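Hi,

Here is the structure I said I'd pass along. Have a look at it first, and my notes on what turned up are underneath.

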Amino acid sequence: MILDSLTIKVLAAELANRHVGCHIRNAHADDTGLDLLLASAPGGETDDTWGIRLEYGPPGTLSLAPAPTLADGGGRERYLQGSRIDSIVAVPGDRVLSLCLSRPDAESRLTHGLLHILLIPPRYRAVLVSRSHGRILGVWAGRGDRRAPAYGSPYQAPVMAERLDPVRHTEAEFADTLQRHGGALEQALQQALAGADRHLISRL
């Protein structure tokens, strides 16, 4: 499943509308993907539970389903369990969905992190970053994923070519850029539009 940046913006808004304020009741990962079980209360004592499933791929997929059953997670997933989702946003110009999380530590002090879900084909991955020191607390990626960052290293956003974003740029800027690209309109759009691919261009 290929998600362009426009679709990811809409997805982020829908997820935020439904799941901001929810808690990650459980998290589990294996060689194929990462599963999050979301509940509207910390203890999960509610019928309103949803799951987010990230499959690494290729091709990667991102899906939602009501009330999945998950095995208890371990390892780096413990950083996710019990976290509250404070916001869900799409990173402008990138194919990245970011969940802003907060959770108390062992001394009941509130800590904050960012769970970046990188929806960049052909492989998807998730990276948890501390907001206090900017280092990576967890990486969930498929085996053989050479683009996956290392645990403990400073997080660096994916290097993306500077492209036009329909939210931030004007029609005049689009027209000027397309003229400078020249050639076939479809090819110019794919090169100039942020997060666009042939599937999106074919629908425009």
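I'll start with the inside. Searching the whole structure for cavities of 30 Å³ or more gives 1 hit. Keep in mind that this is a predicted model, so everything here is computed from those coordinates.

The largest cavity holds about 30 Å³ of space. Which residues line it? They are Leu34, Leu36, Ile52, Leu54, Ile117 and Ala126. Two strands, β2 (33–39) and β3 (49–55), each put at least two residues into that lining. By class the cavity lining comes out as 6 nonpolar residues, with no polar and no charged ones.

Now for the open side of things, which may be more your line of work. The largest pocket has a volume of about 280 Å³, and 15 residues line it. If you want to centre a view on the pocket, go for Tyr79, Arg103, Thr111, His112 and Leu137, which lie nearest its centre. Three strands give two or more residues to the pocket lining: β6 (96–104), β7 (110–118) and β8 (125–130). How does that lining split by class? For the pocket, the count is 4 nonpolar, 8 polar and 3 charged residues.

On the overall build: the protein chain has 4 helices and 9 strands. Reading from the N terminus, you meet one helix, then the run of strands, then the remaining helices, in the order α-β-β-β-β-β-β-β-β-β-α-α-α. The chain has 204 residues, and 40% of them count as buried. Taking contacts between residues at least 6 apart in sequence, 44% join residues at least 24 apart. As for the surface, the chain exposes about 10900 Å², with carbon and sulfur atoms supplying 51% of that area.

Last, a word on confidence before you set anything up. The mean pLDDT of the chain is 84, and 80% of the residues reach 70 or more. Where is confidence lowest, and where is it highest? The low end is helix α4 (residues 198–203), with a mean of 65, while the high end is β8, at 98. β8 is also one of the strands that give two or more residues to the pocket lining.

Shout if anything in the file looks odd on your side.

Cheers

Conventions: Residues numbered from 1 in each chain as written. Predicted model: local features only at pLDDT ≥ 70, side-chain atom pairs only at ≥ 80, totals over all residues. Heavy atoms only, no water. Buried < 20%, exposed > 50% of the residue type's maximum accessible area, 1.4 Å probe, protein only. Contact = heavy atoms within 4.5 Å. Areas by Shrake-Rupley, 256 points an atom, 1.4 Å probe, with all protein chains shown as cover. 1 Å grid on protein atoms, 1.4 Å probe; cavity = no way out; pocket = protein on both sides within 12 Å on 5 of 7 lines; lining within 4 Å. Points joined across faces, edges and corners; volume = space filled by probe spheres on them. Nonpolar A, V, L, I, M, F, W, Y, C, P; charged D, E, K, R; others polar. pLDDT = per-residue confidence, 0-100.
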